[in-house]
Amino acid sequence: MAKSSSEQGSYAPKNILITGAAGFIASHVTNRLVKNYPSYRIVALDKLDYCSSLKNLNPCRSSPNFKFIKGDIVCIDLVNHILISEEIDTIMHFAAQTHVDNSFGNSFEFTNNNVYGTHVLLEACKDTQNRIKRFIHVSTDEVYGETDMETDIGNPEASQLLPTNPYSATKAGAEMLVMAYHRSYGLPTITTRGNNVYGPNQYPEKLIPKFVLLAMKGEKLPIHGNGSNVRSYLYCEDVAEAFDVILHRGVLGHVYNIGTKKERRVLDVAEDVCRLFGLSTKEAISFVQDRPFNDQRYFLDDQKLKKLGWDERTPWEEGLKKTMKWYTENPNWWGDVSLALHPHPRISMGAHSNDESWSLQNETATTKESAVESSSGGLKFLIYGRTGWIGGLLGKLCEDRGIEFEYGRGRLEDRRSIMEDIKRVRPSHVFNAAGVTGRPNVDWCESHKTETIRANVVGTLTLADICEEKNLLMMNFATGCIFEYDKDHLQGSGIGFKEEDTPNFTGSFYSKTKAMVSLFCVEGLLKEYKHVCNLRVRMPISSDLGNPRNFITKISSYQKVVNIPNSMTVLDELLPISIEMAKRGCRGIWNFTNPGVISHNEILELYRDYLDPQFKWENFDLEEQAKVIVAPRSNNEMDGWKLKKEFPELLSIKDSIIKYVFEPNKKA
């Protein structure tokens, strides 16, 4: 138990702002301070990103000296308001994007959160006219870069900063700002650099909770490279005590390492987890591709903090058992974490609306909790296209995965109704699966041009404009039916149209509204909106063969079909990926199709082999087809390299159709 503030030293805060308070380490610090120092008033600020949850703050939610505010540190107006209205005198700045794997795929988000967010806080402190008495900036041991494997001397606080990945580079950059504001403006700063932390409540993208959950599921424990990388691990309660000591006894302008000399290889950690679960290490451990760069070792000199009176209390074996016990008792704490358990997870980056930030007061926490918390860690989707095929499937998918969502009530071309939806739902992301594709096919659009323009052009651009204004990521389901084979992309050549290629198909009015509008294209206009992820869907297929929109259902009902290879989209595999792309903060244009092409005949052959041995069909050419349709159809191959690189596990179109459509529907 920590001593009272009067016993610990000269500094006794009154009103503490803790940023990122619903995250892993910060929540343990928050709970400790609220419990041990009832005279301190703790204001917790968190945007409730994917790896934070109000449940982490359950121990202090009902305490009279605790207040929670949902908001993002990058919003300068919100930060200024909090510092003044809450009379903040102390800041403990934990808020950051922290997972190295994520930083390799979402580096700009790390710069925005870790560098710009810190800059906003510092600038706000500078403008408070010396009200801030202590600013504790939480950094990482990774800013030192790799430690020599042969040395037994850890990095002291005066060591040079040599970060080696985007995450550690942004943390080093933030440290430079903190140091500059201390020297230039006299801000009372203290910086900490810590080893790895583990324990209850940690989001399972991190090594130890990932291994524990995978062991619970009986799945393999993936190790990057050969597992020889060395790390030091501290139990979360020990780290919370370290911050307690630094808060009260730390010297302004100084840096403190929070570390331990007890090191372990990643392979050692995996073997220890296996032993706790009684698993064979040979059978349970697998070795996977390493990160682009993976520091071999981080080793700290921890003497400076020990001189303040802190020391590690929890032995590794005890801490690991406590951690395992907590996860076995709380297996669904984070909802669906299947993607986080991937060997190379790159989750996160949900956009949040700065001007929609709001407070959750103690006295009404129980009634308002549902508005901000979900089992999916702060995700809440606003989906347009409820009556459509993709919109309906997306809602069902969210239900199955425990992701909070609501369908939009407004019409996309009505700006006011969209604004009302956003105000009502307060989403983290917006999915647009609305639009006109034709009833029963695109020929309908030829005689309903006004309705098609209103939905596909005006509505889409209106929604994109509002999402840009509100800082919300918009996932837009577009079409890949905007290309046709040409001399540079010959049928059968394997050369597909890339995301940056200019649409060349204008055969149907539907395709025109999706791609060509006068000299401009909707896709081209959407590029100007930085908060749009445009997913080009082609000839969508699903396991529901009773759905008349299903491409397989369509062609199996025709007397004659053309036989042309095309890129296609298997919704059962790709719709879950669209949710993951939202979490990762993907933006720009993506060919949202399975890799490769498949022809009509190949699909119908599979239909015959798996479902109906008596099934027969006839082919006819494009000239014959043109006699029975109003508008030409787009035939093309899309280059799927970009999506495949982001999701290496993505199946080829033929393999995906077999796995997700024909195998589940196979007749005995």
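Helices here are DSSP runs of H or I with at least four residues, strands are E runs of at least two, and both are numbered from the N terminus. The model is a predicted one, so to speak: local features need pLDDT of at least 70, side-chain atom pairs count only at pLDDT 80 or more, and totals for chains, interfaces and linings use all residues. Residues are numbered from 1 along each chain as its sequence is written, and side-chain values use heavy atoms, with hydrogens and water left out.

One residue to start with is Lys659, which sits in helix α25 (residues 653–665). Lys659 has a relative accessibility of 47%, so it counts as partly exposed; the cut-offs are under 20% relative accessible area for buried, over 50% for exposed and in between for partly exposed, with a 1.4 Å probe and protein chains only. Ser543 is 116 residues away from Lys659 in sequence, yet their C-alpha atoms are 9.4 Å apart in space.

Next come the strands. Two of them are taken to pair if DSSP finds at least two bridges between them. An open sheet is built from six strands in the order β15-β14-β16-β17-β18-β20, with parallel pairing. Its edges are β15 (404–407) and β20 (588–591); each has a single partner strand, so one side of each is left without a neighbour in the sheet. From one strand to the next, the twist averages 20°. Inside this order, β16 (residues 429–432) and β17 (residues 473–479) pair in the parallel sense over four bridges, and His429 has Leu473 of β17 as its bridge partner.

Another parallel pairing over four bridges links β6 (residues 189–194) with β10. There, Thr191 is bridged to Val255 of β10. In a regular strand, side chains alternate between the two faces of the sheet. Strand β10 (residues 255–258) has Val255 and Asn257 pointing one way and Tyr256 and Ile258 the other way, and all are buried.

On to the helices. Helix α21 (residues 571–584) has 14 residues and runs 19 Å from its first C-alpha to its last, close to the 20 Å expected at 1.5 Å a residue; the expected span is 1.5 Å times one less than the number of residues. Of the 14 residues of α21, 13 are buried, so the helix is largely enclosed by the rest of the structure. Just after α21, Gly585 adopts a positive phi of about 75°.

Helix α9 (residues 266–277) passes the span check too, because its 12 residues should cover 16 Å and its end C-alpha atoms are 17 Å apart, which agrees. Buried residues in α9 include Val266, Leu267, Val269 and Cys274. Gly278, just after α9, takes a positive phi of about 70°.

For packing, axes are lines fitted to C-alpha atoms, for helices over the stretch in contact, and angles run from 0 to 180 degrees between N-to-C directions. The axes of α14 (residues 389–401) and α21 come within 10 Å and cross at roughly 70°, and the two helices are therefore roughly perpendicular. Helices α9 and α12 (residues 316–329) pack at about 60° with their axes 11 Å apart, and are therefore oblique to each other. Angles under 35 degrees count as roughly parallel, over 145 as roughly antiparallel, 65 to 115 as roughly perpendicular and the rest as oblique.

Finally, the cysteines. With a disulfide defined as a pair of cysteine sulfur atoms within 2.5 Å, the count comes to zero. Cys398 is buried at 0% relative accessible area, and Cys467 counts as buried at 0% relative accessibility.
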